[in-house]
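This briefing begins with a single strand and its partners, moves to one helix and its packing, and ends with the chain as a whole. Please keep the structure in view while reading.

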Amino acid sequence: MTNTALQSDLITIITTHTNADFDAVASMLAAQKLYPGALVVFPGFHEKNMKNFFVSTMAYLFHMANYREIKPEHIGRLVIVDTRQASRIGDLKELLERPGIEIHVYDHHPQLKDDIRADFEIYRSTGANVTMLIDLIREKSIPVNPDEATIMCLGIYEDTGAFTYASTTQDDFTAAAWLLGKGASLTTISDLIAKEMDPQQIALLNDMFHSAVHYPVKGKDVVITTVSREEYIHDLAFLVQKMLKIENLSAIFAIALMKNKIYIAARSRTPDVDVGAIVREIGGGGHSFAAAASIKDKTLAQVENRIIDLLKQHVKSSQQAKDIMSVPAITAPHNISCGNARQLLSRYNINALLVVAKEGQKERLCGFITRQVIEKALYHHLDDISISEYMTTEFAVAGPGADISEVQDKIIENKQRILPVVDQDGHLAGAITRTDLLNTLVYHNQQQAAHSVDPPEDSRQPKTKNITGFLKERLDDNILEMLRRIGRVADSRGFSAYVVGGFVRDLFLYRHNEDIDIVIEGNGIEFARAFAKKQGARVNAYDKFGTAVIIFPDGFKIDVASARMEYYKFPAALPTVEMSSIKLDLFRRDFTINTLAIFLNPDKFGRLIDFFGGLRDLKEKAIRILHNLSFVEDPTRAFRAIRFEKRFGFSIGKLTAGLIQNAVKMDFFKRLSGRRMFSELHHILEEQNPIPALVRLEDFDLLQVVDPSIRMNKKLRQLLDSARDVLSWYELLYMEEKCRKWIIYFLMLIRHADLEKTAAICSRFELAPRHEKIFTEERAEAEICLSRLSRRQSLKNSQVYEMLKGFRMEMILYMMAATSRDSIRKAISFYVTDLKDVKISVRGKDLQKMGLSPSPLFGRIMRAVLREKLDGHLETRQEEIEFAQRWLREHETNQ
């Protein structure tokens with residue numbers, strides 16, 4: 001379409017919007033390349049930097065013309081770039097109504113109802129408008145010289161914020177790379193992009209700071225600043241961008257009265273504040289993240305009030321009641337006693353209960369009751385009275401779609417501690433407490449403040465950010481696609497899916513981890529079965545806990561759990577499990593670094609959720625619990641804290657360390673079952689180097705919790721170091737026979753104990769009989785073997801072989817680590833590397849050829865051959881046969 005022939009006496013005009021920026025100028029130059037012979041009509045500049053640069057360096061590249069010197073009847077085609085708004089092309093808009101003129105438009109701004117109607121139009125959502133024109137130039141193989149390449153590249157750099165704006169696309173990078181290949185000068189681009197402020201601009205920016213007013217609109221903080229000057233000061237958009245960065249703002253509108261005209265520059269960092277849509281309402285234009293306008297015959301106050309009104313209409317509420325409510329809502333039957341209600345409040349650590357009454361198969365919300373009312377009732381000895389007698393029955397409710405301002409108004413105006421969230425069918429969907437609302441508002445304000453800090457540890461409002469790019473960088477394509485499929489299947493079932501825990505933590509620690517844990521807001525088992533069916537996998541489900549394991553044909557596994565909460569009936573008890581939401585599911589976890597989750601549903605895929613400062617603690621390399629009763633509820637977390645501290649090279653936080661000491665002092669560990677205790681010790685002993693963690697256990701007196709007889713003295717430390725050295729040596733051999741190193745370390749921990757004491761330890765830890773046999777009978781045999789080895793001054797290889805051949809590899813390495821004599825250690829190591837797998841070539845059929853019939857004699861001959869070979873006397877098969885014949889003759893003679 002761009003090369004449609006015109007009558008020879010008709011001309012093509014190329015133009016753009018008023019207040020042309022570098023992208024607009026670059027687009028006109030690119031269009032000139034696509035329309036040879038066309039004339040360029042500039043609508044004028046407002047930016048001094050742009051005008052000076054153009055006059056001094058660029059003018060010679062353009063076939064410029066004065067529009068007033070061109071007769072309209074000579075114009076056959078109008079090409080408009082970087083806008084589709086008639087109001088933005090100045091006097092040239094009169095050509096739009098003139099018959100016989102072709103209108104061609106190239107624009108990257110969002111489409112609007114009042115856009116220019118064109119005969120030919122190209123629209124693409126690129127960061128810079130010139131990008132799409134460059135693609136056409138490349139397709140047509142049109143030559144571009146270095147100066148032209150510099151101007152076009154400058155347009156891309158400016159309109160993408162040097163490739164930092166969210167609107168930047170892959171096409172922008174590709175176009176810029178192509179232009180660099182054509183000789184674009186980055187030095188020139190850098191000089192123009194890196195603007196320096198003059199004294200007038202500095203003074204104006206200072207006034208913008210002082211006049212800034214923050215407007216909370218639907219949970220978003222929008223800044224409006226108004227300034228006035230007698231003279232025109234250039235680069236207002238540059239100053240607005242600078243203020244946005246310095247103040248860490250979410251969205252800003254700068255309204256400047258200069259020379260009897262009002263100029264507006266707006267910037268936004270959030271999709272919830274579309275500045276382009278707002279500015280278009282007052283005659284301007286732009287994108288959702290950057291927009292500008294110039295207005296005549298209005299006052300600053302009029303424009304400011306108009307923008308405030310438009311904000312209320314256009315700003316989207318990114319947070320609604322459904323986003324901050326607690327799910328499920330904790331409820332109590334209306335006939336429960338005040339005494340039992342207090343137990344519920346304590347169990348769930350809440351300050352208000354919603355009260356429901358059964359009506360057939362449904363529950364009707366009939367009120368709420370607060371901790372304060374319950375405590376007063378108990379003070380007056382009303383423990384057994386039903387809470388229905390004292391509950392609040394007049395209350396406000398909100399729908400799941402209610403925005404933050406509505407939630408705030410209902411909680412404050414009605415003085416409600418808790419706000420029920422009820423769906424359109426009247427079902428209780430969740431609840432919002434005053435704490436939920438306060439955390440949301442406080443965290444939001446902290447995010448907008450220039451001195452932004454991390455949210456409080458007990459904040460329930462998460463920090464979120466999109467990490468899709470990071471996932472692509474870190475994950476194997478197959479794993480990434482697996483996560484996407486999980487999100488799609490969950491979405492099709494109406495569930496929300498998250499990947500959580502150690503998998504997410506290790507992504508940020510750059511550690512390999514393919515143990516995928518999925519949490520489903522909904523029925524996790526139903527999801528697991530649906531997903532497994534699509535993938536040709538099988539499922540092991542555990543209905544009691546709402547969990548399942550998906551097992552693929554190649555053995556790969558994915559753990560799935562329904563979002564759940566846990567409470568403990570007494571210290572160190574096993575948890576009681578109830579269904580919950582992702583918020584409460586993450587809150588039940590052990591440490592903040594394990595509370596990170598990534599949304600997997602298609603509409604929010606790759607969104608990281610951080611309720612409890614997990615990212616902050618990863619950055620600070622800190623192990624911190626989520627609440628102060630964490631070790632009371634589950635003392636085994638103390639072992640995990642130490643294991644993670646040493647595995648990652650982190651430090652246990654001061655408060656967390658104090659609470660571990662308190663748990664030891666209060667002896668909460670005594671209620672732990674031996675099985676749970678040993679499970680945590682087993683995990684520590686499986687670490688690459690468990691010794692630092694074992695030493696740290698001693699620091700907290702936790703080795704004595706394992707068993708009072710274990711002391712981290714010099715002797716035990718030497719044994720552990722020796723075990724580590726032996727295991728490292730064995731790993732470097734790359735032997736086929738694997739070794740369970742935890743067994744060797746545990747043998748070292750209990751080496752001081754006699755057989756009876758060892759049996760008692762095994763019994764307390766509820767070890768499996770096969771493991772108990774290793775630590776008792778087999779260890780006793782190993783100690784006897786070590787004693788025999790120690791009594792020998794010199795040993796033949798065959799003797800070493802005979803002593804060691806019956807032991808499993810863990811016991812052999814245990815003996816090698818436990819001995820203090822180098823000669824024994826060398827003998828055992830030689831057995832492992834050279835003797836253990838020695839085989840002879842002589843077979844039964846060889847003996848039969850010597851005239852023997854199968855009998856026990858065969859075994860005696862072969863053992864004799866093996867001994868000779870072990871001792872280095874035989875090398876070849878022929879030598880083995882000859883030795884067997886000699887042995888046979890000697891024994892026949894003796895007989």
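Eight of the eight residues of strand E9 (residues 261–268) are buried in this predicted model, so the strand is largely enclosed by the rest of the structure. The cover extends to both faces of E9, since Lys261, Tyr263, Ala265 and Arg267 on one side are buried, as are Ile262, Ile264, Ala266 and Ser268 on the other.

**Strand E9 and its neighbours**

- Strand E8 (residues 251–258) runs antiparallel to E9, and the two are joined by eight bridges.
- E8 and E9 form a hairpin in which two residues lie between the strands, and lysine 259 in the turn has a positive phi of about 55°.
- Strand E11 (residues 290–295) is also antiparallel to E9, to which it is joined by six bridges.
- Alanine 266 of E9 can be followed to both of these strands, as phenylalanine 253 stands opposite it, while in E11 its bridge partner is alanine 291.
- Alanine 266 is itself one of the buried residues of E9, on the side that also holds Ile262, Ile264 and Ser268.

**Helix H32 and its packing**

- In helix H32, which spans residues 797–804, the buried residues are Ser798, Val800, Tyr801, Met803 and Leu804.
- An α-helix has 3.6 residues a turn, so residues three or four places apart point the same way.
- The buried residues of H32 pack against four helices, namely H31 (769–791), H33 (809–818), H34 (822–835) and H36 (856–870).

**The chain as a whole**

- The protein chain contains 37 helices and 28 strands, and buried residues make up 52% of its 895 residues.
- The radius of gyration of the protein chain is 39 Å, whereas a compact globule of 895 residues would have one near 29 Å.
- Taken along the principal axes, the box filled by the C-alpha atoms of the protein chain is roughly 135 × 90 × 55 Å.
- Among contacts in the protein chain with a separation of 6 or more, 65% are between residues 24 or more positions apart.

**Surface and charge**

- The protein chain exposes about 42,900 Å², of which carbon and sulfur atoms supply 48%.
- The protein chain carries 119 positive and 117 negative charges, and the mean positions of these two sets are 5 Å apart.

Definitions and conventions
Residues are numbered from 1 along each chain as its sequence is written. This is a predicted model: local features need pLDDT of at least 70, side-chain atom pairs count only at pLDDT 80 or more; totals for chains, interfaces and linings use all residues. Side-chain values use heavy atoms; hydrogens and water are left out. Buried means under 20% relative accessible area, exposed over 50%, partly exposed in between (1.4 Å probe, protein chains only). Contact means heavy atoms within 4.5 Å. Two strands pair if DSSP finds at least two bridges between them. The radius of gyration is taken over C-alpha atoms; the globule rule is 2.2 Å times the number of residues to the power 0.38. Accessible areas come from the Shrake-Rupley method with a 1.4 Å probe; for residues, only the protein chains shown count as cover. Lys and Arg count as positive and Asp and Glu as negative; His and the chain ends are not counted. The place of a charge is taken as NZ of Lys, CZ of Arg, CG of Asp or CD of Glu.
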